[in-house]
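These are my notebook entries on a model that I went through from its charged pairs outward. I wanted to set down what was looked up and under which cut-offs.

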Amino acid sequence: MKKKLLRTLLLAGLTLGLLTGCSKAADQTSASGTEENAAVSTQEEEAETGNSTGRSLEEIKESGTIKIGVFSDKNPFGYVDANGEVQGYDVYFAKRIGQDLLGSEEAVEFVFVEAANRVEYLQSGKVDIILANFTVTEERAEKVDFALPYMKVALGIVSPDGALITDVEQLKEKTLIVVKGTTAESYFGENHPEIKLLKFDEYQEAYDALLDGRGDAFSTDNTEVLAWALQNKGFTVGVESVGSLDTIAPAVQKGNTELLNWINEEIEALAAEEFFHKNFEETLAPVYGTAVDADNLVVEGGIVE
Amino acid sequence: MQDMGIQVLFEGINFQRLLAGLMVSLNLALISMAFSIVLGIVLGMIMTVKNRLVRLICRIYLETVRIMPQLVLLFLVYFGAAKHFGVDISGEMAAVIVFTFWGTAEMGDLVRSALISIPKHQYESGYSLGMTKLQVYIRIILPQTFRRLLPSGVNLLTRMIKTTSLVVLIGVVEVVKVGKQIIDASRYENPKAALWIYGAIFFLYFAICFPISRLSAVLERRLKT
């Protein structure tokens, strides 16, 4: 009986190989039993190949629309308002790209992405640019090409006032909530194995979990937690900056230098009119109020001091 | 104010958006289910064949589908096809393909068990009347299996409706994602909205799944007589 089961499993694995058309990926997928690992390993495997190339500037101009991946549930960077309109800091920039590249804000086709599938979207050529609060990391830079940064962040930790975490040390043996695919997940996973991580696919679920007390604290970009704590009484950001200072930049498919160069030139050109400060005033200031200084977040012309 | 949260539901076009999202979920599930039923019946009939090789292949297919999380299948079809074969399929299309792939396997297994639960003399009586194999299936066996299939088939359909919440990861915005967008857009002004929105989503799912299971109960009763 057991033998039979094994044989079935083995054959299932082989069929999988046919399905993916990439036997290497299949071996890993069937070997790592859990859903999460399987998804991640296929993701990593497929990073090496990639037949579909990103669109050149010419092709984008010809089609008349540019596909830009943004978040749809990360207020105030990318979100959908009550009238179904997409808004936010990233979106504001995306519209400007549409304006300057194709002559119209309407030329931007917004694709809603999740933290966990941003890389996939670029690799498969389903979007031209990702503008989804994408923090630049070495690991990601191997899979996608980052343009000049337009924002900077570090990690912050928010926790309930009743049991405020003011130092990472205090998190030992406690549960920290993180969102899958974010810098917080990799930072704490690598540097603080003593902290138990509770992972969610989406930001909303993570916040709900914190509110419900399913974890002791929640960590993600400090901009995010600062804004959230401001609006949620009873929660405070005890640790405002942990990990290294990271930058947030637009990303294009690996090897799409043409589009990458265009974005870089665009960002440099926009510095003259302090575009990102204006963007901050329009989209971020209403949320952060006086809690955050614009110069602590905004990067003009891709230059980080 | 305590009851602030509910306002979010009716702000702007939020409620219409939720309903539109629900239609996306429902459409995906119903289209996939329609394909699954047709293909599943065929597969179920194939699975009752005596040939061991055929049965083994069916078995592998079924086990593969059951072992593989739907999420992985969605990623493979949506991103994998674009990456390796340059085939750019829409998220909806990928979802229908995956759900049909899954539904066919499950449905096939249900049909198989329903078929073998029909007493042998039903088949033999048919043959002795000079009917062909196909005629026996269409006129005698399938009508009888239909009633046995109803409860489990409806169960599969409602499961499928609920599993559509995964398709957000391949960029299809369905009811749960719309709910999350609404909650997030208002999370600074109205942090308590989550309860109301999720509550509304619960009722929307209920409003769809409940009539379906009632309908199947009624059908089942009617078919009995």
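Entry 1, the charged network. I began with a network of salt bridges that links Asp73(A), Glu114(A), Glu202(A), Glu205(A), Lys177(B) and Lys180(B); for a salt bridge I required a side-chain nitrogen of Lys or Arg within 4 Å of a carboxyl oxygen of Asp or Glu. The model is a predicted one, so I kept local features at pLDDT of at least 70 and side-chain atom pairs at pLDDT 80 or more, whereas totals for chains, interfaces and linings use all residues. Residues are numbered from 1 along each chain as its sequence is written, chains are lettered from A and ligands numbered from 1 in the order in which they are written, and side-chain values use heavy atoms, with hydrogens and water left out.

Within this network I looked up Glu114(A) and Lys177(B), whose closest N and O atoms are 2.7 Å apart. The pair crosses between chains, from the loop between strand 5 (108-113) and helix 6 of chain A, where Glu114(A) lies, to helix 8 (residues 175-185) of chain B, which holds Lys177(B). Both Glu114(A) and Lys177(B) are buried, a word I use for under 20% relative accessible area, with exposed for over 50% and partly exposed for what is in between (1.4 Å probe, protein chains only). Lys177(B) also meets the side chain of Glu202(A) in a salt bridge, at 3.3 Å from N to O.

Entry 2, the interface. How many salt bridges does the rule find across the interface of chain A and chain B? I noted seven there, while a search of the whole structure gives 21 over all chains. I also found 20 residue pairs in polar contact across this interface, both partners at pLDDT 80 or more; a polar contact is a pair of N or O atoms within 3.5 Å, where within protein one must be able to donate a hydrogen and the other to accept it, and residues adjacent in sequence count only if both atoms are side-chain atoms. Helix 1 of chain A gives the most to the side that touches chain B, with eight residues; helices and strands are DSSP runs (H or I, at least four residues, for helices; E, at least two, for strands), numbered from the N terminus.

By contact, meaning heavy atoms within 4.5 Å, 49 residues of chain A touch 41 residues of chain B. The area buried between the two chains is about 4,100 Å², and carbon and sulfur atoms give 61% of it; this is the accessible area (1.4 Å probe) that two parts lose on being put together, summed over both. Ala82(A), Lys126(A) and Gln204(A) supply 14% of what chain A buries against chain B, more than any other three residues.

Entry 3, helix 10 of chain A. Why did I write this helix down as largely enclosed by the rest of the structure? I did so because seven of its 10 residues are buried, and among them are Glu224(A), Val225(A) and Trp228(A). The cover over the buried residues of helix 10 includes strand 2, strand 8 (151-160), helix 9, strand 11 (217-221), strand 12 (235-248) and helix 12 (275-288) of chain A.

Glu224(A) forms a salt bridge with Lys74(A), the closest N and O atoms being 3.6 Å apart. Since Lys74(A) lies in strand 2 and Glu224(A) in helix 10, the pair ties together parts of chain A that are 150 residues apart in sequence. Lys74(A) counts as buried at 0% relative accessibility, and Glu224(A) is buried with a relative accessible area of 0%.

Entry 4, a further pair in chain A. The side chains of Lys180(A) and Asp201(A) meet in a salt bridge at 3.6 Å, N to O. Lys180(A) counts as buried at 19% relative accessibility, whereas Asp201(A) is partly exposed at 26%.

Entry 5, the two chains. Chain A comes to 12 helices and 13 strands, and 54% of its 305 residues count as buried. Chain B has nine helices and zero strands, and 50% of its 225 residues count as buried.

Entry 6, two positions in chain B. Is Ser36(B), in helix 2 (residues 14-47), buried or exposed? I found Ser36(B) buried, with a relative accessible area of 0%, and beyond its neighbours within four places in sequence its contacts include Phe99(B), Met107(B) and Met160(B). Thr64(B), in helix 3 (residues 52-67) of chain B, counts as buried at 4% relative accessibility, and a polar atom of its side chain lies 2.4 Å from the backbone oxygen of Ile60(B).
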